[in-house]
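Work through the following exercises with the coordinates loaded. Each task is followed by a stepwise solution.

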Amino acid sequence: MDLFDRLKDLREQGLAEIKEAESEKSLNDVRVKLVGKKGDLTQILHQMKDVAPEKRREVGQKVNELRDLFNENLASAKDSLIEKAIEARLEAEKIDVTLPGRRKHVGSKHPIRIIQDDLERFFIGMGYQVVQGPEIESEHYNFEMLNLPKDHPARDMQATFYVDADHLLRSQTSPVQARTMEKHDFDKSDLKMISPGKVYRRDDDDATHSHQFMQMEGLVVGKNISLSDLKGTLELVAKHEFGQDRETRLRPSYFPFTEPSVEMDVSCFECGGKGCAICKNTGWIEVLGAGIVHPNVLSAAGIDPAVYSGFAFGLGLDRFAILKYGIDDIRDFYSDDVRFLQQFRQEED
Ligand code: DAH
């Protein structure tokens with residue numbers, strides 16, 4: 001075959017090989033084979049001696065043309081391989097920003113928490129401080145400091161979970177009264193506090209009883225604190241929580257730590273006082289217990305009852321929530337059914 005034919009074949013074959021190379025590596029092998037030092041074109045040049053002298057120039061030219069052509073094609077094949085690799089990588093690493101986001105399930109406040117937060121805000125606005133106390137409490141604070149000495153029959157009203165001989169799950173938030181009074185500096189200011197928290201009583205759970213529930217204790221101690229201060233305060237609470245047109249009344253009651261003791265009723269918000277199932281046809285609903293702090297309780301905390309006086313109250317947050325939202329089973333508060341809880345979704349403030 002003469003050199004011109006070989007060049008023609010090489011041209012076709014070389015261009016095809018360049019086109020077929022699928023990676024930079026194989027393309028480089030093709031490059032070495034075609035235009036490398038020992039490549040096909042070089043070999044053709046070596047055979048120049050066999051070519052008639054007058055044709056050598058032409059062969060030289062053709063070889064150079066072909067080298068240029070190969071180099072051009074090699075370069076553009078390399079570019080397009082690089083481009084393809086980038087494209088493949090982009091495709092593999094693609095993040096589809098058009099996917100819809102994952103929906104976050106935002107919880108809702110527990111109904112008892114709604115009432116608690118609301119009352120806390122209300123009392124803070126009247127200058128009260130919010131105090132916490134331990135849930136495992138000593139007999140000393142849960143009973144003795146509250147004028148309930150050992151063997152006092154009123155302890156039976158709060159059948160209790162004992163942890164050991166001297167400690168129990170507190171049966172009321174009232175011990176926080178004693179703890180706070182002991183620490184307070186009455187020369188500086190009157191004491192105005194509330195204390196929300198869990199309390200426990202040995203009870204058989206049913207629609208209206210729970211062995212665990214929430215209370216909010218309130219206490220004001222200063223000079224000349226009287227029953228009318230208590231009445232005015234409780235009236236504000238009742239109207240705030242149950243509506244401005246609610247009537248209130250105080251009934252005599254008994255608590256060991258207050259004397260006199262009262263229970264407060266609000267006029268029924270369902271029937272307005274006419275009588276219905278909710279108020280058991282009395283027109284009134286009992287909402288909390290309260291009274292004037294017993295002198296023994298003040299003395300026990302180191303406060304002189306001849307100088308200072310105070311009022312206290314204790315309300316059940318569960319009860320407030322039950323009344324306010326018309327809930328018919330207290331166990332709903334503690335059984336974690338989101339369908340129940342979601343009903344109380346409210347605009348967060
Ligand atoms: N501790 C009482 C209870 O659990 C509630 C109570 C009543 C608290 C009258 C008080 C109060 O501070 O004055 O039944």
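**Exercise 1.** How far is the sulfur of C268 from the closest cysteine sulfur, and why is there no bond?

*Solution.* The model is predicted: local features need pLDDT of at least 70, side-chain atom pairs count only at pLDDT 80 or more, and totals for chains, interfaces and linings use all residues. Residues are numbered from 1 along each chain as its sequence is written, and side-chain values use heavy atoms, with hydrogens and water left out.

Step 1. Apply the criterion: a disulfide is a pair of cysteine sulfur atoms within 2.5 Å.
Step 2. The closest cysteine sulfur to that of C268 belongs to C271, at 3.6 Å, which is too far for a bond.
Step 3. C276 is in no disulfide either, its nearest cysteine sulfur being that of C268, 3.7 Å away.
Step 4. Searching the whole structure gives zero disulfides.

**Exercise 2.** At what angle do helices α2 and α4 pack?

*Solution.* Helices are DSSP runs (H or I, at least four residues), numbered from the N terminus.

Step 1. For α2 (residues 24–35) and α4 (residues 53–92), the angle is about 175° and the axes are 10 Å apart. Axes are lines fitted to C-alpha atoms over the stretch in contact, and angles run from 0 to 180 degrees between N-to-C directions.
Step 2. Therefore α2 is roughly antiparallel to α4 (over 145 degrees).
Step 3. List the contacts (heavy atoms within 4.5 Å): E24, L27, R31, L34 and V35 in α2 meet residues of α4 including R67, F70 and L74.

Conventions:
Helix = DSSP H or I, 4+ residues; strand = E, 2+ residues; numbered from the N terminus. Parallel < 35°, antiparallel > 145°, perpendicular 65-115°, else oblique.
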